[in-house]
Amino acid sequence: MAEHTRLIRTADATTLAELIRRNREHLAPWDPQRPESYFTEAGQHEFLGNQLAQHALGTGEPRVI
């Protein structure tokens, strides 16, 4: 992997929730329909936990820049 990326951490939930909320309207044409909870810190914490579980199974590589 490129040195400018790293595996996500559940501690990223606050930052990611803010970025997702800030860009929600702009990304809406390309994003799938998501529950309102996805746009919250708690929702991102859950989402990231699921992504990390997939990584542990070897079926995903969730990374951030």
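At what angle do the axes of α1 and helix α2 cross? The legends below address this point and others in a predicted model.

**Figure 1. Overall architecture of the protein chain, which has two helices and two strands.** Read from the N terminus, the elements follow the order β-α-α-β. Taken along the principal axes, the C-alpha atoms fill a box of roughly 30 × 20 × 20 Å. The chain comprises 65 residues, of which 20% are buried. Of the contacts between residues at least 6 apart in sequence, 67% join residues at least 24 apart.

**Figure 2. Close-up of the crossing of α1 and α2.** The axes of α1 and helix α2 (residues 41-56) come within 8 Å and cross at roughly 115°. The two helices are therefore roughly perpendicular to each other, and their crossing is right-handed. On the α1 side, the residues that meet α2 are Ala13, Thr14, Leu16, Ala17, Ile20 and Arg21. Their counterparts in α2 are Glu41, Gln44, His45 and Leu48. By character, the residues of this contact divide into five nonpolar, three polar and two charged.

**Figure 3. Close-up of Asp12 in the loop between β1 (6-7) and α1 (13-27).** Is Asp12 buried or exposed? Asp12 has a relative accessible area of 11%; because buried means under 20%, Asp12 counts as buried. The side chain of Asp12 makes a polar contact with the side chain of Arg6, at 2.8 Å. Leaving aside residues up to four places away in sequence, Asp12 touches Arg6, Leu48 and Val64. Leu48 is also one of the α2 residues that meet α1.

**Figure 4. Close-up of Glu61 in the loop between α2 and β2 (63-64).** With a relative accessibility of 42%, Glu61 counts as partly exposed. Which side chains make polar contacts with the side chain of Glu61? One partner is the side chain of His55, at 3.4 Å. Another is the side chain of Arg63, at 2.9 Å.

**Figure 5. Close-up of Arg6 with Asp12 and Glu61.** Arg6 and Glu61 are 55 residues apart in sequence, and their C-alpha atoms are 9.6 Å apart in space. Arg6 is also the side-chain partner of Asp12 in a polar contact of 2.8 Å. Asp12 is buried, whereas Glu61 is partly exposed. Asp12 lies in the loop between β1 and α1, and Glu61 lies in the loop between α2 and β2.

Methods:
Residues are numbered from 1 along each chain as its sequence is written. This is a predicted model: local features need pLDDT of at least 70, side-chain atom pairs count only at pLDDT 80 or more; totals for chains, interfaces and linings use all residues. Side-chain values use heavy atoms; hydrogens and water are left out. Helices (H or I, at least four residues) and strands (E, at least two) are DSSP runs, numbered from the N terminus. Buried means under 20% relative accessible area, exposed over 50%, partly exposed in between (1.4 Å probe, protein chains only). A polar contact is a pair of N or O atoms within 3.5 Å; within protein, one must be able to donate a hydrogen and the other to accept it, and residues adjacent in sequence count only if both atoms are side-chain atoms. Contact means heavy atoms within 4.5 Å. Axes are lines fitted to C-alpha atoms, for helices over the stretch in contact, and angles run from 0 to 180 degrees between N-to-C directions. Angles under 35 degrees count as roughly parallel, over 145 as roughly antiparallel, 65 to 115 as roughly perpendicular and the rest as oblique. A crossing is left-handed if the near helix is turned anticlockwise from the far one by less than a right angle, and right-handed if clockwise. Ala, Val, Leu, Ile, Met, Phe, Trp, Tyr, Cys and Pro count as nonpolar, Asp, Glu, Lys and Arg as charged, and the others, Gly among them, as polar.
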